[in-house]
Amino acid sequence: MTEQITLHPTQEMLAGFASGSLPAGLTVAISAHVERCSACRHCTSEMEAESTVAWLQDSDKDEAANDQDFSHMIDAIISEPQQQAAVVDSEAFTEIHVHERSVTLPRVLAKVASEGLVWKNIGGGINQAQVVLDDETQCEFIYMKPGSQVPVHRHQGNEITLVLDGSFSDEMGEYKASDFVQLTSSHQHQPTSEEGCLCFAVIDSPLTFTKGGARLMNPFLRYKFRKATSQRV
Amino acid sequence: MAKPETPKRRGASSPAVSIGGADQSGTGSDEELLIAVGNKQNRAAFDKLFKRFANRIFAMGMKLTRNEQLAHDLVQEAMLTVWQKAPLYDLDRGTAQSWIFTLTRNRCFDMLRKQKRQPATVNADDIWPQEGEHDGNLVHEEQASQEVEIEQIEKFYSDLPPAQQAVVEQIYIHDRTHEEAASVLNIPLGTLKSRLRLGVGKLRQMVGTEND
């Protein structure tokens, strides 16, 4: 990837990511971007250091540990073997095949996709494969065929789109591989893709299609969102 | 005869590190304790680390779960991971405190998701990978920037954990390639590379400490 990544998670998001306090879907999307972006990797590293300081200062006033309780725990722990080398799964698949394209995924997304994706054709050259990661967000892989267009829609909440391959554009700009695109409820947009693209999207409330026949989809979308976020393993 | 090794720190992207990171009075910085646990399975060192961090881990658990039993479980999970992964720690990973913080964050993340019965498809180790994407060629590309006594190196080398010592021996004493060394030792190439990185890292630490 020789082109510069131009769109990144906000500082606030990276801080949430570094402290592990975001919903899993969003955490995964940020992790996938960070794998490809050395600037955000560096930033995350610094934030982890800051979180560490805050963590240690926070609990400074706690009472001393109860030695009795913990000595059993220590005994149990040290009887376990130690890990001598990093576990590197060189067999893990990282490529995904969608229609005629073969895309190398960031490792965390390869893991997400490893249990199999169910692709649905939703018309207009758009295909979606939903994955359940937590009960607060709706996550999906989106494949836009070359020349395709998503109907005009508005978000009630936040939408994060991580471009994995190819590019798409809307009224506000052009987005290419590894760009981390954030939209809020004030945006209404119509994404199109000339060359085609594969994305990972995380939404925290249902999309509302705003024009014409597509509005008939709205009740189904709300149902889909409720269903997605209530799924349990 | 071992080649002189450089104590140079790797990479501008490593967070700033200070060796004397003791947060309580008494002997042993957190880094020294963690390295003793990793190198020598030192029970006393682990004991000290445990007592320094258990409360803080418990506090994080309480803050996020409001449940004493779960917070207690988090202490066990996190400190178990510290024990298991201590051999993989070196100063290039940052301070012992932030290393332990990130382990705790990871265990806490997994624990909360399990509690909420969210899918286990991804876990914290997938999201916050520890081991170097930045591995491999570093060792051979290091340039010597400091004079080191041969006797010093031989002493440090003999202090390495056996697994790492064996790898360093193949690469630096017998001048083998990574592939040849892996074959001789009958270990996967990936394992060889990470043991080599760790072994050289430890030598650098020991040399660095000696010459401070």
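How many residues of chain B are in contact with chain A, and how many of chain A with chain B? In this predicted model, the contact involves 56 residues on the chain B side and 49 on the chain A side. Together the two chains bury an area of about 4800 Å² between them, with carbon and sulfur atoms giving 62% of that figure. Within the share that chain B buries against chain A, B:Arg56, B:Phe101 and B:Thr121 supply 13%, more than any other three residues.

Polar and charged interactions also appear across this interface. Between chain B and chain A, 16 residue pairs are in polar contact, counting pairs with both residues at pLDDT 80 or more. Several helices of chain B supply at least two residues each to the side that touches chain A: H1 (30-40), H2 (43-65), H3 (68-85), H4 (96-115), H5 (124-127) and H10 (189-211). Of these, H2(B) gives the most, with 13 residues. By residue class, the side of chain B that touches chain A divides into 25 nonpolar, 17 polar and 14 charged residues. Three salt bridges are found across the interface of chain B and chain A. A:Lys111 forms a salt bridge with B:Asp126, where the closest N and O atoms lie 2.8 Å apart.

Turning to chain A itself, its secondary structure comprises six helices and 14 strands. Chain A has 233 residues, of which 48% are buried. Among its contacts between residues at least 6 apart in sequence, 66% join residues at least 24 apart. The area that chain A exposes is about 11900 Å², and carbon and sulfur atoms supply 50% of that area.

Terms used
Residues numbered from 1 in each chain as written. Chains lettered and ligands numbered in written order. Predicted model: local features only at pLDDT ≥ 70, side-chain atom pairs only at ≥ 80, totals over all residues. Heavy atoms only, no water. Contact = heavy atoms within 4.5 Å. Buried area = accessible area lost by both parts, 1.4 Å probe. Salt bridge = Lys/Arg side-chain N within 4 Å of Asp/Glu carboxyl O. Polar contact = N/O pair within 3.5 Å; in protein donor to acceptor, adjacent residues only side chain to side chain. Helix = DSSP H or I, 4+ residues; strand = E, 2+ residues; numbered from the N terminus. Nonpolar A, V, L, I, M, F, W, Y, C, P; charged D, E, K, R; others polar. Buried < 20%, exposed > 50% of the residue type's maximum accessible area, 1.4 Å probe, protein only. Areas by Shrake-Rupley, 256 points an atom, 1.4 Å probe, with all protein chains shown as cover.
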